[in-house]
Amino acid sequence: MAGEVVEILSADDLRRTVTRLASQVVEKARDALDTLVLLGIHTRGVPLAKLLGQQVEQLEGVSLPIGELDITFYRDDLDRIGPRTPRQTLIPVDLSGRIVVLVDDVIFSGRTIRSALNAVHDYGRPSAIWLLVLIDRGHRELPIHPDFTGKVLPTARDEVVKVLLQGIDQRDGVELWKPY
């Protein structure tokens, strides 16, 4: 994609943001930390969930179950985005009665989260589902709003937000790609 690339979060900014988000989750959960489950939505939600889990463990000494959620077969937009290769869903515990924290990198239209909500209910009936996103770029098509947001980043529809994570992209950061 030709255009201007703007750094939104450096690697240090991303680390600080994840630490803040972990603190917010701990604060909201209070005495219910033992019921929390972090579920990362493939692709970049998974390593973000793992980073959050590490931060919660550093802050509270509690090791949270961390799972991976693939929503390919729950999407309503495959005709628009093209075929996808499904990933493995790994749910480490029964979700019934748990507080599930859905973790994703960017929220845009809300359709990914709607699909994730449908998928979660195939694995149990949580007592609550909280949504944590690194970047909220607006343009919602569905009435879905994150409980925890790393950064609100108003964007134009034709701009692209790229979250870069060490395990996938060999570096950490967030960039905004603006077309010429």
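**Close-up 1. A lysine over the ring of W130.** In this predicted model, the charged end of K28 is perched over the ring of W130, 4.6 Å from its centre. W130 also has an aromatic partner: a search of the whole structure turns up one aromatic pair. That pair is W130 with F148, whose ring centres are 5.9 Å apart and whose planes meet at 65°, so it goes down as edge-to-face. The angle qualifies because edge-to-face takes planes over 60 degrees apart. W130 sits in strand β5 and F148 in strand β6 (residues 148–152), so the pair ties together parts that are 18 residues apart in sequence. Buried or exposed, these two? Both W130 and F148 are buried.

**Close-up 2. Strand β5 and the strands it pairs with.** Zooming out from W130, the view takes in β5 (128–136). Seven of the nine residues of β5 are buried, so the rest of the structure largely encloses this strand. β4 (99–107) runs parallel to β5, and eight bridges join them. Within that pairing, V103 stands opposite L132 in β5. β5 is also joined to β6, again in parallel, by four bridges. Here L132 turns up once more, standing opposite F148 in β6. So what connects the chain between β4 and β5, seen as a β-α-β unit? The helix is α4: β4, α4 and β5 make a right-handed β-α-β unit.

**Close-up 3. The buried face of helix α4.** Helix α4 covers residues 111–120, and I113, S115, A116, A119 and V120 in it are buried. Looking down the axis of α4, these buried residues fall within an arc of 160°, so they line one face of the helix. Which strands help to cover them? The cover includes β2 (36–41), β3 (66–69), β4 and β5.

**Close-up 4. β2, α2 and β3 as a unit.** Another right-handed β-α-β unit is made by β2, helix α2 (residues 45–60) and β3. Its two strands, β2 and β3, pair in the parallel sense over four bridges. For a residue to pick out in this view, take L38, which stands opposite I66 in β3. As general background for reading any strand view, side chains in a regular strand alternate between the two faces of the sheet.

**Close-up 5. L48 and what it touches.** L48 belongs to helix α2. At 3% relative accessibility, L48 counts as buried, because the cut-off for buried is under 20%. Which residues does L48 contact, once its neighbours within four places in sequence are left aside? The list is V18, V103, D104, D105, L134 and L165. One of these, V103, is the residue that stands opposite L132 in β5. For a sense of scale along the chain, Q58 is 10 residues away from L48, and their C-alpha atoms are separated by 15 Å.

**Close-up 6. Backbone oddities.** A bit of background first: most residues other than glycine have a negative phi, and most peptide bonds are trans. In this model, a cis peptide bond joins H42 and T43, with omega at about 15°. T43 lies in the loop between β2 and α2. Then there are two positive phi values to look at. R30 has phi near 45°, a positive value in a residue other than glycine. R30 is in the loop between α1 (11–29) and β2, and with a relative accessible area of 63% it is exposed. Q170 isn't a glycine either, yet its phi is positive, at about 65°. Q170 sits in the loop between α5 (166–169) and β8 (173–179), and its 56% relative accessibility makes it count as exposed.

**Close-up 7. R137, F108 and A156.** R137 lies over the face of F108, at 4.1 Å from the ring centre. R137 is also in contact with A156, as is H139; those are the contacts of A156 when neighbours within four places in sequence are left aside. Where is A156? Its place is in the loop between β6 and β7 (160–164). At 31% relative accessibility, A156 counts as partly exposed. G110 is 46 residues from A156 along the chain, and their C-alpha atoms are separated by 16 Å.

Terms used
Residues numbered from 1 in each chain as written. Predicted model: local features only at pLDDT ≥ 70, side-chain atom pairs only at ≥ 80, totals over all residues. Heavy atoms only, no water. Buried < 20%, exposed > 50% of the residue type's maximum accessible area, 1.4 Å probe, protein only. Arc of directions from axis to C-beta. Contact = heavy atoms within 4.5 Å. Pairing = 2+ DSSP bridges. Right-handed = clockwise from strand over helix to strand, strands pointing away. Phe/Tyr/Trp six-rings, centres within 6.5 Å; stacked < 30°, edge-to-face > 60°. Lys NZ or Arg CZ within 6 Å of the ring centre and 35° of its normal.
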